[in-house]
Number of protein chains: 2
Amino acid sequence: MTKTINEITITEAATDQMSGTPDPRLRKIMASLVRHLHEFAREVDLTADEWLEGIKFLTAVGQKCTAHRQEFILLSDTLGMSALINALHDKRAVGAATKSSLLGPFYRHDAPMMKLGDSIISKSPGTEVCFYGQVIDSNGKGIPNALVQVWEPDETGNYDLQKHDPSEMDLRGCFKCDAEGRYYFRGLCPTGYMIPMDGPVGDMIRAQKRHGYRPAHIHFVIGAPGYRELVTALYVAGDAHIDSDTVFGVSDSLVISVNKNDAKSPIAKMPTIHYDFQLAADKAWTSGRVGADPSQITSKIGA
Amino acid sequence: MTKTINEITITEAATDQMSGTPDPRLRKIMASLVRHLHEFAREVDLTADEWLEGIKFLTAVGQKCTAHRQEFILLSDTLGMSALINALHDKRAVGAATKSSLLGPFYRHDAPMMKLGDSIISKSPGTEVCFYGQVIDSNGKGIPNALVQVWEPDETGNYDLQKHDPSEMDLRGCFKCDAEGRYYFRGLCPTGYMIPMDGPVGDMIRAQKRHGYRPAHIHFVIGAPGYRELVTALYVAGDAHIDSDTVFGVSDSLVISVNKNDAKSPIAKMPTIHYDFQLAADKAWTSGRVGADPSQITSKIGA
């Protein structure tokens with residue numbers, strides 16, 4: 001017998017047809033996704049024209065992605081999904097740890113390895129700052145040889161990936177901590193910027209009359225064998241957008257200030273940003289990366 | 001003051017930031033979408049790796065779209081979203097009307113205008129059938145000069161858009177009904193087929209161990225000034241997949257049988273498929289099209 005499909009029974013019809021999915025986790029995720037998507041459509045009584053606008057929008061987001069740009073991550077970021085995934089991840093941590101923040105769409109996996117004290121600035125002008133601190137475990141003990149990956153935008157608010165030749169790297173690097181987990185390096189005093197507004201996500205942000213800015217920040221990915229990888233960022237206190245980040249990345253505990261007269265600076269007479277990162281223990285090295293290098297998602301170069 | 005964002009407060013933070021959206025309908029839709037998306041992520045405690053799989057999947061769906069292929073419509077179809085939008089649309093009709101069914105990803109807006117009795121078959125072999133009936137209003141009265149657009153796959157289950165040269169048209173046409181709303185034309189006896197399985201949606205269908213078939217059917221878009229456009233399809237009784245359509249398009253009232261000995265056939269000695277389509281009154285000519293010609297969504301030709 002043909003089942004009668006109406007606006008209610010369609011949901012069970014769809015999840016029934018997916019009920020033979022061999023992977024139990026995929027089965028659970030898809031059933032939940034279908035139920036919530038359908039509930040959304042029923043709640044707003046979505047029309048065919050509105051549905052088609054959604055199809056067009058998602059298609060445009062996909063077609064905007066290239067090996068150097070990830071518009072779907074930007075969409076996730078601006079809908080608060082990425083911050084939510086980070087918060088769920090932090091909740092699963094065993095033991096105290098620094099809060100996660102957004103990886104964003106400008107991470108890349110092949111940043112150059114540098115020595116402690118080196119500068120990540122290769123060509124961009126701006127105010128130099130010494131970033132330093134310690135990578136510690138849940139009990140406050142230094143983690144020897146932890147790997148610190150760092151990247152930040154230039155003074156105009158653009159990452160190297162957004163420049164004319166996105167294969168050239170600037171303002172990113174990897175550092176191996178010393179035997180006590182200490183790190184220090186030179187970089188630019190962090191800058192805020194507007195998210196990329198020339199794609200469909202920018203159209204959405206404008207239609208929502210949002211300002212599109214992120215407060216000044218610098219990104220970190222920190223890992224060590226036996227610890228949970230930490231993906232986070234530090235935000236500069238006093239930024240005009242510190243309370244209205246377009247991608248919801250700011251937490252109180254990640255807000256730092258520049259110290260212009262730091263007697264403990266590892267580099268004499270340089271302003272400092274000091275922060276100790278705390279990692280929770282975990283068997284797996286990488287488990288918390290909400291994002292990826294665009295080139296690892298999109299192999300084809302688009303328009 | 002910086003707000004503390006956690007896995008619960010992120011939802012209100014996101015909808016708050018969208019609360020200045022000038023268009024009240026967009027504001028409502030986005031707030032509902034964000035709430036349901038977040039609820040989904042919380043319900044399954046979505047991990048960063050799973051989120052990234054989702055980003056990769058959506059990116060691949062977008063990049064598979066071309067002027068001749070709409071993978072996001074296919075995704076909507078296979079998740080039951082398109083059938084749900086149709087059901088919501090039918091519920092809003094004023095007066096009796098034929099049920100909607102999926103437009104699918106193979107409609108095109110520029111099918112040739114033909115005369116009643118013409119054949120839509122230009123090159124494909126197969127069993128010829130005479131399709132005939134009447135386009136009527138909610139009271140059963142014929143609608144003069146209603147426009148009937150029709151398209152169907154060939155005997156191998158492929159539409160013209162899926163062929164080597166997708167600009168060549170076959171098995172589609174437009175007919176103007178007579179003064180009593182009657183139509184008739186020649187076409188192929190409908191065939192079932194597997195949805196396109198060579199893209200990310202096909203990967204999903206395989207991972208869910210679904211068969212991927214649609215039961216034999218033929219598509220219709222029917223309109224007339226002063227009536228609600230009807231997007232529907234007729235399904236052949238007895239098809240092996242009539243109860244398990246991969247895109248949930250079948251309703252009891254849309255199931256028809258081929259009559260091999262129809263004394264009323266407008267074309268002598270030809271098997272017939274007879275169906276009367278009922279349109280609800282509406283000021284707007286087009287209002288129910290859950291879909292569009294791929295070329296109207298994606299201007300750029302992809303890989």
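In what order do the six strands of the open sheet in chain A run? Some notes on that, and on how chain A meets chain B, follow.

1. The answer first: the order is β1-β4-β3-β8-β9-β10 (chain A), and the pairing is mixed. Keep in mind that this is a predicted model.

2. On the edges: β1 (113-114) and β10 (255-256) of chain A each have a single partner strand, so one side of each has no neighbour in the sheet.

3. Now for β3(A), which sits between β4 and β8 in the strand order. Strand β3 (residues 147-151) of chain A runs antiparallel to strand β4 (residues 172-176) of chain A, and five bridges join the two. If you want to check the register in your viewer, A:Gln149 has A:Cys174 as its bridge partner in β4(A), and A:Trp151 stands opposite A:Arg172.

4. On the other pairing of β3(A), strand β8 (residues 217-223) of chain A is also antiparallel to it, again over five bridges. Here A:Val148 is a handy marker, with A:Ile222 as its bridge partner in β8(A).

5. Is β3(A) mostly buried or exposed? Four of its five residues are buried, so the strand is largely enclosed by the rest of the structure. The cut-off behind that word is 20 or more other C-beta atoms within 10 Å of the residue's own.

6. Over to the interface. Here 79 residues of chain A are in contact with 78 residues of chain B. On the chain A side, the elements giving two or more residues are α1 (9-17), α2 (24-44), α3, α4 (71-78) and α5 (81-91). The largest share, 15 residues, comes from α2(A). By class, the side of chain A that touches chain B has 41 nonpolar, 23 polar and 15 charged residues.

7. One helix pair across the interface deserves a look: helix α3 (residues 48-64) of chain A against helix α4 (residues 71-78) of chain B. Their axes are 9 Å apart and the packing angle is about 125 degrees. Angles from 65 to 115 degrees count as roughly perpendicular and those over 145 as roughly antiparallel, so α3(A) and α4(B) come out as oblique to each other. The crossing of α3(A) and α4(B) is right-handed.

8. Which residues make that contact? From α3(A) they are A:Ile55, A:Leu58 and A:Thr59, and from α4(B) they are B:Phe72, B:Ile73 and B:Ser76. Sorted by class, the residues of this contact are four nonpolar and two polar, with no charged ones.

Note on methods. Residues are numbered from 1 along each chain as its sequence is written. Chains are lettered from A and ligands numbered from 1 in the order in which they are written. This is a predicted model: local features need pLDDT of at least 70, side-chain atom pairs count only at pLDDT 80 or more; totals for chains, interfaces and linings use all residues. Axes are lines fitted to C-alpha atoms, for helices over the stretch in contact, and angles run from 0 to 180 degrees between N-to-C directions. Angles under 35 degrees count as roughly parallel, over 145 as roughly antiparallel, 65 to 115 as roughly perpendicular and the rest as oblique. A crossing is left-handed if the near helix is turned anticlockwise from the far one by less than a right angle, and right-handed if clockwise. Two residues are in contact if their C-beta atoms, placed from the backbone, lie within 7 Å. Ala, Val, Leu, Ile, Met, Phe, Trp, Tyr, Cys and Pro count as nonpolar, Asp, Glu, Lys and Arg as charged, and the others, Gly among them, as polar. Two strands pair if DSSP finds at least two bridges between them. A residue is buried if 20 or more other C-beta atoms lie within 10 Å of its own, exposed if 12 or fewer, and partly exposed in between; C-beta atoms are placed from the backbone.
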